[in-house]
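Subject: Structure handover

Hi,

Here is the structure I promised to pass on to you. Please open it alongside this email, and my notes on what turned up follow below.

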Amino acid sequence: MRSTVVIKGSKAGMSVYLDPQAPFSQIIADIEKKFRESAKFWGSVQMALSLEGRSLTAAEEYEVVNAIMGSSQVEILCLIDQDGERIRRCEKALNEKLMELSSQTGQFYKGDLNRGDCLESESSVVVIGDVHHGARVIAKGNIIILGELKGSVFAGAAGNEEAVIVALEMAPVQIRIGGLSSRVGEKSRRLGRGPMIARAEEGQIRTRPIKKNFLHMLNFN
């Protein structure tokens, strides 16, 4: 009998093929079974995940991720989107909306930040450029980077763990939100493909791909 779920390792993390014809309820049941059976093989790891074989809604993607994490010690850091055009559309929409927000607040910096540079803000800040290795951004509110993040960022610097960090490419050395810290390492490691958001959840900093409702919820003060 043909397997409805095939798990493969990849350079980016983990790739899971889902049969396009099988009922979704069967897909979820098979995911849980396979990950329970292979839990010792994978161990306790943090990985990026790509889903192949069938189109999924955001709710279905969420259910797949929960099925994996509920049946093993694998923590999914982010979903890797295989649709390059969708990523470009998302980046464009994100860029336009955040430029609108920055023009309303005046809290923005245009240009790249290089090693030794430190940008500080009393509220939220939008960086229109890249934050390179060795550069730092510190803000009491949110930090939005319309470029690549490869340095260190500290959002919610006054203790606000509701603050978020967003970047079009997320590969930081260290991210901090409020009293929480997550050090990726001396060498920047890409945490996912396309726009990502880092936020505090259950006492940890977690990174995920940008969802459509994010911009509606963002408090830019």
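**Ser71 and its surroundings**

Apart from neighbours within four places in sequence, Ser71 is in contact with Glu32, Phe35, Arg36 and Ala39. Ser71 sits in the loop between helix 3 and strand 4 (74-79). With a relative accessibility of 11%, Ser71 counts as buried. Please keep in mind throughout that this is a predicted model.

**The chain as a whole**

The protein chain has 221 residues, and buried residues make up 47% of them. Its secondary structure comes to five helices and 15 strands. If you take the contacts with a separation of 6 or more, 40% of them are between residues 24 or more positions apart. The accessible surface of the chain is about 11,700 Å², and carbon and sulfur atoms account for 48% of that area.

**Helices 1 and 3**

Two of the contacts of Ser71, Phe35 and Arg36, lead us to helix 1, which covers residues 24-37. Its 14 residues should span 20 Å at 1.5 Å a residue, and the end C-alpha atoms are indeed 20 Å apart. Which residues of helix 1 are buried? They are Phe24, Ile27, Ile28, Ile31 and Phe35. These residues cover an arc of only 95° around the axis, so they lie on the same side of helix 1. On the face turned away from that buried side you will find the exposed residues Ser25, Arg36 and Glu37. Phe35 and Arg36 thus make a nice pair to look at: Phe35 is among the buried residues of the helix, while Arg36 is exposed on the face turned away from them, and Ser71 is in contact with both.

Helix 3 runs over residues 58-70 and has 13 residues. From its first C-alpha to its last it reaches 18 Å, close to the 18 Å expected at 1.5 Å a residue. Here the buried residues are Glu61, Val64, Val65, Ala67 and Ile68. Seen down the helix axis they fall within an arc of 160°, so they line one face of helix 3. Ala58, Ala59, Tyr62 and Gly70 are exposed on the face turned away from the buried side. You may want to click on Glu61, which is buried along with Val64 and Val65.

**Two nonpolar cores**

The largest nonpolar core has 23 residues, and those that touch the most other members are Val131, Val137, Ile143, Ile145, Leu149, Val153 and Ile165. Strands 7 (125-128), 8 (136-139), 9 (143-149), 10 (152-155), 11 (164-170), 12 (174-177) and 14 (196-201) are the elements that give two or more residues to this core. A second, separate core has 22 residues, including Ile31, Trp42, Val64 and Val74. Two of these names come up above: Ile31 is among the buried residues of helix 1, and Val64 is among those of helix 3.

Back in the largest core, what does Ile143 touch beyond four places in sequence? The list is Val125, Val137, Val153, Phe154, Ala155, Val164, Ile165 and Val166.

Ile145 lies in strand 9 and counts as buried at 0% relative accessibility. Leaving out neighbours within four places in sequence, Ile145 is in contact with Val127, Gly129, Val131, Val153, Val166, Ala167 and Leu168. The C-alpha atoms of Ile145 and Asp130 are separated by 7.1 Å, with their positions 15 residues apart along the chain.

**A few single residues**

- Ser124 is in the loop between strand 6 (118-121) and strand 7. Ser124 is buried, at a relative accessible area of 0%, and a polar atom of its side chain lies 2.8 Å from the backbone nitrogen of Asn142.
- Met47 belongs to strand 3 (residues 45-52) and is buried, with a relative accessible area of 13%. The C-alpha atoms of Met47 and Gly9 are separated by 9.9 Å, and the two residues are 38 residues apart along the chain.
- Glu202 is in the loop between strand 14 and strand 15 (204-209). Is Glu202 buried or exposed? Glu202 counts as exposed, because its relative accessibility is 76% and exposed means over 50%. Glu202 also has a positive phi of about 55°, although it is not a glycine.

Happy browsing, and over to you!

Notes:
Residues are numbered from 1 along each chain as its sequence is written. This is a predicted model: local features need pLDDT of at least 70, side-chain atom pairs count only at pLDDT 80 or more; totals for chains, interfaces and linings use all residues. Side-chain values use heavy atoms; hydrogens and water are left out. A nonpolar core is a set of buried Ala, Val, Leu, Ile, Met, Phe, Trp, Tyr and Cys residues joined through side-chain atoms within 4.5 Å. Buried means under 20% relative accessible area, exposed over 50%, partly exposed in between (1.4 Å probe, protein chains only). Helices (H or I, at least four residues) and strands (E, at least two) are DSSP runs, numbered from the N terminus. Contact means heavy atoms within 4.5 Å. Accessible areas come from the Shrake-Rupley method with a 1.4 Å probe; for residues, only the protein chains shown count as cover. The expected span of a helix is 1.5 Å times one less than its number of residues. The arc is that of the directions from the helix axis to the C-beta atoms. A polar contact is a pair of N or O atoms within 3.5 Å; within protein, one must be able to donate a hydrogen and the other to accept it, and residues adjacent in sequence count only if both atoms are side-chain atoms.
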